[in-house]
Amino acid sequence: MAQGQRKFQAKRPAKSKTVASASERNRGPRKGGRVIAPKKERIVQQQKLKKNLEVGIRKKIEHDVMMKAGTSLPKKLALLKTTPKKK
């Protein structure tokens, strides 16, 4: 009888990449739903819509705050406009 532990574990020879990929293709349909990635144009439109909504909401909030501040102050509220940057 052999005594002691084995010095190494016996390994099976690895399959080649072409054989492995061929077996994956031949498996057939898989279970579960599929997620179809959206087209890029659709994502761009969603981002534009989101940005426009954010800008509109921010402008509305600023306008409301200006109106409330203007009515509550005894002196007229004057806002400074930013000058366009020179290139």
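Let's start with the charged contacts in this predicted model: the count comes to one salt bridge. To find it, select K60 and D64, whose closest N and O atoms are 3.5 Å apart. Both residues sit in helix α2, four residues apart, or about one turn of the helix. That spacing is worth a look down the helix axis. An α-helix has 3.6 residues a turn, so residues three or four places apart point the same way.

Stay on D64 for a moment and color by accessibility. Is D64 buried, exposed or partly exposed? Its relative accessibility is 33%, so D64 counts as partly exposed, since that class lies between the 20% and 50% cut-offs.

Next, select the whole of α2, residues 40–72. If you place a distance between the first and last C-alpha of its 33 residues, you should get 48 Å, close to the 48 Å expected at 1.5 Å a residue. Now look for cover: α2 has hardly any, and the count of buried residues in this helix is zero.

Keep α2 in view and pick L49, L53, I57, I61 and V65, then switch on the surface. Together these side chains make a nonpolar patch of about 490 Å². One of them, L53, is found in α2.

Finally, zoom out to the full chain. What secondary structure does the chain have? There are two helices and zero strands. Buried residues make up 0% of the 87 residues. The accessible surface of the chain comes to about 10300 Å², with 58% belonging to carbon and sulfur atoms.

Methods:
Residues numbered from 1 in each chain as written. Predicted model: local features only at pLDDT ≥ 70, side-chain atom pairs only at ≥ 80, totals over all residues. Heavy atoms only, no water. Patch = residues over 30% accessible without salt bridge, like charges linked within 9 Å, V, L, I, M, F, W, Y side chains within 5 Å. Areas by Shrake-Rupley, 256 points an atom, 1.4 Å probe, with all protein chains shown as cover. Salt bridge = Lys/Arg side-chain N within 4 Å of Asp/Glu carboxyl O. Expected span 1.5 Å × (residues − 1). Buried < 20%, exposed > 50% of the residue type's maximum accessible area, 1.4 Å probe, protein only.
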